[in-house]
Amino acid sequence: MAEPILPPTRNWHFEIDLEGIGWLTIDTPDAPVNTLSRAALEELEALVGHFEALARDRTLLGVVLKSDKPGFIAGADITEFDAMSDPAVLPEALRRTHRLFDRIEALPIPIVATIRGACLGGGLELALACHYRIAVNDEATRIGFPEVKLGIFPGFGGTGRSIRQAGPVDAMQAMLTGRMLKPGAARGMGLVDKLVRHPDQLRWEGRKAVLADKRSAPAGLGKRLMAFGPMRSYLAKRMRDEAKKKTNRLHYPAPYALIDMFETHGGDWKRMSAAEPDAFVPLMASETAANLRRVFFLSEGLKKQGLRGADKPTFQRVHVIGAGVMGGDIAAWCALRGMAVTLQDLDMARIKPALDRAKKLFRKRLKKPVAVNSAIARLEADPQGLGLARADVVIEAVVENLEIKRSIFADAIGRAKPDAILATNTSSIELERIAEGLSDPSRLIGLHFFNPVAQLPLVEVIRSQFNTDASVAKGASFALAIGKSPVIVKSAPGFLVNRVLMPYMLGAVNRVEQGESPELLDAAAVAFGMPMGPIELMDTVGLDVGRSVAAELGHDVPETSRFAKLVAEGKLGRKTGQGFYRWEDGKARKSDTPSHPDLPALGRELVRPLVDETERAVAEGIVASPEHADIGVIFGTGFAPFLGGPLKARQDNRA
Ligand code: 3H9
């Protein structure tokens, strides 16, 4: 029998059992995940004071830190970050948490963190201040430092403590990528000490760890070597070179600031942690961090478009019609994400290449042979279309031909389950035109995926005038179920993403027609913050595809233009080895970029048509809100997340 020794606070509950083991439960009220809000940290301070006293008079043998929610702790409370960013308040707030975590670590009794679900950011930093960490080895448990994605780095002492436990190479890698680690990987690195199979075992193992006074060992000398002397400078240089390949210091300063801090202080974990607040404050107060927080909340908001609670549908079987690049890759993605998928095309010869590509994807993403084999088993070639009748979702991705699509859905609507989603991946035919011939046109929605499917997080859920809120919400639920971010878009030419991309790409193509250098234009767009320049993007998409989308959207491409000539000559870009650039091994061969006095300003000029078009799309009610437009364009085009989206950038006078 456990007795509550201290009255519960808003966020914590503490009791001591008859063996003298303290059970400290975090339960952030009214929230689906636990966070370390300022209040939660203050309450924890008071509790730690009690632990110190109880440890002194030996009433308390040790403490097991646990969560009764599905997740452990998702980090500091991001909703408080705007208010916390005040440089007059933040340094002391950080130092106070440092002192608190140091006191936890200095307790003479063992404090054991028992981890299930998300253990992220500040949650991991708290776990690292405990003496021993036990985690459930399941799919739900994820451990990591996602701070860089918010434009900051760990600020509660986690930079030093992770280096102490995992050594500098692994710890810095985890902090610089923000990757969520599986429990096995976290254990391998030394961030976790023990794994259990099931959440029910945490209590028993936590108790055992306290009774055995378990203490985690820091990383061994071999792992720590890279933190010393010239090795550290070498490692810092390597990490900086790596970072430069992915990000620009001006746009995303956090990784660089972390590397600088490591280079100066990384030989001594305590100094590294102590240096955090000074480097952290300017990052947290930056426009980049504020915009990345916005992107986080907008992306979270997209989850609300799906059906929730009791209405939340489950999806198990997907039937994809059309095994071309899009259909094949959609099928592969669904199988990767655990769905049983049947892939239909006219014959096996057409399906086989898609299955081969799928295997490559599974091997790359899943690695473990058992997981790869079960994904392969989940994806079935189905030339007869037998899977359609059993599917929860039917996705058509055949050639852009109205009659073919109509006949596919006329057949599907008679054979599919009455509650199955019927969706087309069309990017150019109005949804209403495909739907209008059907016995129930309200059943057809659009699910518009982007190429490459495995890399782009967005799915446009297309709504026709016949659809109900429930049918599009169900489509959004499906997108969420396969790990994609849905944006609901009204059926209109180009939907959202192609519509805003086209004037941007064509604007740049026009400048090339007038003699400007593709290399310069591309470099300018990247300097502005785009992931790829518009000419390289056109080559990547394919000039034939670009031209036909341009025509659908009413953009004129004169026959005499270089663009039209390249298409006529079959120089279609990356896929043919020649477009505006020559392509070798999947890379554009570029000449030296001509000099330009202000590349970002030129980039801004190039991006202007994209921003204008996004404004028009919002004005026409293509998406539900400007916020949905911002996040849709970021996820669909890679538009500079540090600017918070095209409309936010314009509002801030940055685009
Ligand atoms: C940090 O810790 C920095 C420190 O080092 C130093 C600080 C000074 N705060 O996504 P879900 C909300 S930085 C506030 O549906 P899931 C989320 O917005 C922090 N709110 O659940 C949503 O709200 P709503 C580092 C948060 O199961 C709700 O919780 N941590 C936070 O699909 C449910 O979320 C991160 O960056 C938070 N920390 O995924 C983790 N986390 O219902 C960010 C979540 O009103 N979080 N919410 O829309 C995640 O990645 C996912 O939410 C998580 C759960 C994987 C945890």
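# Reasoning through a predicted model

User: Which residues is Ile 351 in contact with, once neighbours within four places in sequence are left aside?

Analyst: Ala 323, Leu 343, Asp 345, Ala 381 and Pro 383. Keep in mind that we're looking at a predicted model. "In contact" here means that the C-beta atoms, placed from the backbone, lie within 7 Å. Ile 351 itself is part of helix 15, residues 348–366.

User: What makes Ile 351 buried?

Analyst: The cut-off is 20 or more other C-beta atoms within 10 Å. Ile 351 has 23 of them, so it counts as buried. For a sense of distance, take Ala 525, which is 174 residues away along the chain: its C-alpha atom and that of Ile 351 are 38 Å apart.

User: How do you know that Glu 19 counts as exposed?

Analyst: Same kind of test, other end of the scale: exposed means 12 or fewer C-beta neighbours. Glu 19 has 11 inside 10 Å, and therefore it goes in the exposed class. You'll find Glu 19 in the loop between strand 2 (12–16) and strand 3 (21–26). Its C-alpha atom is separated by 43 Å from that of Glu 300, with their positions 281 residues apart along the chain.

User: Why is Asp 213 called partly exposed?

Analyst: Partly exposed is what's left between the exposed limit of 12 and the buried limit of 20. Asp 213 has 14 C-beta neighbours inside 10 Å, so it falls in that middle class. There's a backbone oddity too: Asp 213 isn't a glycine, yet its phi is positive, about 50°. Look for Asp 213 in the loop between helix 8 (201–211) and helix 9 (221–224).

User: What is phi near in Asn 653, and what makes Asn 653 exposed?

Analyst: Phi is near 65°, again a positive value in a residue other than glycine. As for exposure, Asn 653 has 6 other C-beta atoms within 10 Å, which means it's exposed, given a limit of 12 or fewer. Asn 653 sits in the segment after helix 27.

User: What makes the peptide bond from Asn 451 to Pro 452 cis?

Analyst: Its omega, which is near 0°. Pro 452 belongs to the loop between strand 16 (444–448) and strand 17 (458–463).

User: How do you know that the length of helix 13 agrees with its 16 residues?

Analyst: You count 1.5 Å for each residue after the first. Helix 13, residues 287–302, should therefore span 22 Å, and its end C-alpha atoms are 23 Å apart, which agrees. Its buried residues are Thr 288, Ala 289, Asn 291, Leu 292, Arg 293, Val 295, Leu 298 and Leu 302. They pack against several elements, among them helix 2 (81–84), helix 12 (269–284), strand 18 (485–490) and helix 26 (626–637).

User: Why is helix 6 called mostly covered?

Analyst: Count the buried residues: seven of the 10 in helix 6 (residues 168–177). They are Pro 168, Asp 170, Ala 171, Met 172, Ala 174, Met 175 and Leu 176. The cover includes strand 8 (142–144), helix 5 (158–166), helix 7 (183–189) and helix 10 (229–246). Right after helix 6 comes Gly 178, with a positive phi near 70°.

User: What makes the largest nonpolar core a core, and which residues have the most contacts inside it?

Analyst: A set qualifies because its members are buried nonpolar residues joined through C-beta atoms within 7 Å. The largest such set has 204 residues, and Ala 331, Val 394 and Val 461 have the most contacts inside it. Helix 20 (residues 497–513) supplies the largest share, nine residues. Beyond its sequence neighbours within four places, Ala 331 is in contact with Val 320, Val 341, Leu 343, Ala 354, Ala 358 and Leu 379. In soluble globular proteins, nonpolar side chains tend to be buried together.

User: How many residues of domain 2 and domain 3 are in contact?

Analyst: Six residues of domain 2 touch seven of domain 3. That side of domain 2 divides into three nonpolar, two polar and one charged. The C-alpha centres of domain 2 and domain 3 are 29 Å apart. Domain 2 runs over 306–493 and domain 3 over 498–622.

User: Where does UniProt place the NAD binding domain feature?

Analyst: The unreviewed entry puts "3-hydroxyacyl-CoA dehydrogenase NAD binding" at residues 318–490. That span is 42% helix and 21% strand, with its end C-alpha atoms 24 Å apart. UniProt, also in an unreviewed entry, gives residues 494–583 as "3-hydroxyacyl-CoA dehydrogenase C-terminal". Here the chain is 59% helix and 2% strand.

Notes. Residues are numbered from 1 along each chain as its sequence is written. This is a predicted model: local features need pLDDT of at least 70, side-chain atom pairs count only at pLDDT 80 or more; totals for chains, interfaces and linings use all residues. Helices (H or I, at least four residues) and strands (E, at least two) are DSSP runs, numbered from the N terminus. Two residues are in contact if their C-beta atoms, placed from the backbone, lie within 7 Å. UniProt positions are given in the numbering used here, feature names are shortened, and annotations may be inferred rather than shown by experiment. Domain bounds come from an automatic or database domain assignment. Ala, Val, Leu, Ile, Met, Phe, Trp, Tyr, Cys and Pro count as nonpolar, Asp, Glu, Lys and Arg as charged, and the others, Gly among them, as polar.
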